[in-house]
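Thank you all for coming, and please have the sequence and the model open while I talk. I will go through a few regions in turn, and I will explain each term as we reach it.

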Amino acid sequence: MEDFKNLPDYGCWLKYDLLENELFRRRYQGRLQTISLYENGSLTPAIRTELLRGIGGLLGSEPAVLPPSAAASVRVIRAAEAGDVLGPEGYQLRVEDQDSLEVVITGAGERGCLYGTFAFLRLLQMGEIKGGFHRTEVPAMPLRMINHWDNLDGTIERGYAGRSIFFRDHELCRDLDRVRDYARLLASVGINSVVVNNVNVHAAETQLVASRLEMVQTLAGIFREYGLRVFLSINYASPLEFGLDSADPLDVAVRSWWKERVEVLYAEIPDLGGFLVKADSENRPGPFTYGRSQADGANMLGEALAPFGGVLIWRCFVYNCQQDWRDKKTDRARAAYDYFKPLDGQFRENVILQIKNGPMDFQVREPVSPLFGAMEATKQIVELQITQEYTGQQRHLCYLVPQWKEILDFDTYAQGPGSTVAKVVSGGMAGVVNVGDDPNWTGHTLAQANLYGYGRLAWDPRLQAEQITEEWITLTFGHDLQIHQTIGQMLLSSWEVYENYTTPLGIGWMCNPNHHFGPNVDGYEYSKWGTYHRADHFGIGVDRTVRNGTGFAGQYRPENAKMYESMESCPQELLLFFHRVPYTYRLKTGKTLIQHIYDTHFLGVKQVQGLISAWTSIQGRIHEHTYLHVLDRLEEQLLHAMEWRDVINTYFYRISRIEDQHNREIHS
């Protein structure tokens with residue numbers, strides 16, 4: 001068990017390898033040799049351990065711990081009077097003396113002190129700790145959450161990095177130290193909440209609120225050491241599994257049952273964050289069964305949680321999953337807006353709607369959900385998918401930070417220009433996580449960058465993708481310039497590369513049903529899931545305009561609705577999502593649609609070959625274990641990219657009978 005913990009990738013971005021940069025060594029030599037901390041705090045042990053580990057690893061000698069309030073070279077101060085500026089989670093970091101580099105980390109709350117400590121160690125590695133340095137940071141998002149889709153049997157729905165680190169055979173895993181290591185990783189990027197079980201709650205998982213509550217207590221205790229609150233996914237219809245004959249949210253007996261259950265939970269776990277619920281979606285039970293609204297269901301649970309400060313997070317992933325593919329008016333993309341927009345203002349104060357970033361399901365490219373900014377009287381959080389369900393499943397390199405930046409920077413016009421998604425999601429962010437019990441956590445070492453990047457954006461969505469990338473490479477691989485240039489270019493180009501050899505221009509899907517890996521152009525074309533591309537001999541795409549189509553484009557504010565309504569003004573990368581387009585239509589590049597499809601798929605394969613060449617150029621500069629692991633993943637990605645290219649191009653050649661103008665091999 002301990003062997004893999006000694007591998008280079010287990011430590012992720014918290015390895016604290018000795019600083020080898022000569023400038024940094026001279027700057028920090030003989031400095032930062034003593035620390036002092038506020039006393040008697042629940043997070044004091046974690047902060048002390050991190051400073052000892054971080055400074056000791058980076059500078060080669062562990063600092064001495066002085067009594068609280070002593071004049072140490074690194075002081076962590078908890079100052080309640082700073083609460084008006086910093087809030088409970090913000091911090092101030094300043095370097096007071098040019099020569100001695102006296103560092104002061106101040107937080108009004110303990111979490112602020114912890115986050116400031118991690119920030120100090122990050123900035124120390126980046127070489128930014130020097131005389132005159134001063135920074136104050138307050139998280140932009142109040143709820144910075146990780147969603148696990150782990151099951152008690154140890155499986156993970158949409159998990160691509162091994163089995164659960166929490167559960168095995170309906171018990172807790174034996175290696176709970178790994179859970180503690182994980183809590184530390186999450187806290188280091190400012191995550192403050194974690195849902196430990198799958199939103200698709202099975203009968204066994206229902207017992208987490210009853211006979212298996214001790215499992216939640218144990219996990220909550222570990223995460224508490226790093227300032228994280230645990231949330232539970234619950235089955236909306238749980239009362240039926242405990243003897244009631246109804247789960248109607250307006251039934252007095254049902255409401256009483258939930259209140260009693262919540263009282264028991266909070267008696268054992270007073271800092272439980274609350275519940276996450278997936279209802280009336282993909283055969284999950286919900287209030288629709290009883291003719292009630294989504295607000296009725298959410299408010300019933302919110303009422304039970306409110307006396308304890310608990311939060312009810314209600315997912316907006318609700319749609320008619322029994323759609324007839326012959327029906328061209330019913331549009332899955334419309335569903336969330338149609339169901340929830342009329343309910344604006346009807347949700348309790350402690351209810352937050354969790355909205356997927358797009359109207360469909362985490363495709364490589366889709367528009368931002370029109371629900372963002374549409375419900376001005378309702379708290380919202382944006383749900384992103386860190387685990388790469390439709391983007392290579394951590395077998396392919398696909399760095400998602402650039403995608404998330406586009407989503408967070410999208411202007412909803414909710415309160416006029418500049419009303420970006422990042423500004424209108426008052427509740428925070430949730431990310432469906434990509435970790436498992438693989439030695440490197442994420443199955444692909446470079447996929448660790450997605451977990452790191454998600455945390456950094458949840459803390460500050462204004463950060464640029466390039467800055468986050470630079471940080472992650474430095475913390476993970478050090479300061480080698482060639483490594484930075486090579487891995488940086490690989491990461492920042494990889495989303496576009498993946499898109500090039502998979503699905504074109506926002507159409508999405510075209511993958512194998514159920515497991516969602518590999519090309520299958522018609523895999524979902526005649527299914528009940530509403531995931532159609534409508535390709536025929538003449539063209540492809542779904543008309544979602546107001547004028548002739550499903551009307552989805554009209555769900556946006558006028559500025560965006562007008563943009564999407566016209567083929568000429570619609571962003572090219574989303575053209576097929578909003579419009580049905582002839583193969584001979586000329587894009588803004590001057591190419592026909594069909595030629596664009598051919599060209600991008602050939603280009604995508606060439607680009608993956610370029611990723612392999614780039615990676616091999618840094619052999620010998622990074623640990624051999626990491627090098628060989630990533631090389632193996634990239635070589636596998638190349639084979640898959642070639643398969644995608646050949647299947648997609650052959651399909652469209654056969655259906656259109658239009659030749660590739662470059663006469664490349666397309667299998668007819």
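What follows is a walk through two sheets, one pair of helices and a small group of loop residues.

Please keep in mind that this is a predicted model, in which local features need pLDDT of at least 70 and side-chain atom pairs count only at pLDDT 80 or more, while totals for chains, interfaces and linings use all residues. Residues are numbered from 1 along each chain as its sequence is written, and side-chain values use heavy atoms, with hydrogens and water left out.

Let me begin with the open sheet, and with how the elements are named: helices (H or I, at least four residues) and strands (E, at least two) are DSSP runs, numbered from the N terminus. Six strands make up this open sheet, in the order S2-S1-S3-S5-S4-S6 and with mixed pairing, where two strands pair if DSSP finds at least two bridges between them. Its edges are strand S2 (64-65) and strand S6 (134-137), each of which pairs on one side only. Within the sheet, strand S3 (residues 74-78) and strand S5 (residues 103-107) run parallel and are joined by five bridges, and Val74 stands opposite Val103 in S5. Helix H3 (residues 44-59) lies across strand S1 (34-37), S2 and S3, running at about 170 degrees to S1; angles here run from 0 to 180 degrees between N-to-C directions, and axes are lines fitted to C-alpha atoms, for helices over the stretch in contact.

The second sheet is a closed barrel of eight strands, which runs S7-S10-S11-S12-S13-S14-S15-S16 with parallel pairing, and its twist averages 25 degrees from one strand to the next. One of the pairs is strand S12 (residues 274-277) with strand S13 (residues 311-315), parallel over four bridges, and there Val277 stands opposite Trp314 in S13. Helix H8 (residues 213-224) lies across strand S10 (193-195) and strand S11 (229-234), at about 145 degrees to S11.

Now to the pair of helices. Helix H13 (residues 401-409) and helix H15 (residues 448-459) pack at an angle of about 25 degrees, with their axes 10 Å apart. That makes H13 roughly parallel to H15, given that angles under 35 degrees count as roughly parallel, over 145 as roughly antiparallel, 65 to 115 as roughly perpendicular and the rest as oblique. From H13, the contact (heavy atoms within 4.5 Å) is made by Val401, Trp404, Lys405 and Leu408, and from H15 by Ala449, Asn450, Gly453, Tyr454 and Leu457.

Finally, the loop residues: which residues does Gly508 touch, not counting residues up to four places away in sequence? They are Gln363 and Thr503. Gly508 sits in the loop between helix H17 (481-501) and strand S17 (539-540), and Thr503 lies in the loop between H17 and S17, whereas Gln363 is found in the loop between strand S14 (351-356) and strand S15 (379-385). Gly508 is buried, with a relative accessible area of 4%, where buried means under 20%, exposed over 50% and partly exposed in between (1.4 Å probe, protein chains only). Gln363 is buried at 5%, and Thr503 is buried at 5%. Leaving aside neighbours within four places in sequence, Gln363 is in contact with Tyr390, Gln403, Gly508 and Trp509, while the contacts of Thr503 include Val364, Met510 and Trp644.
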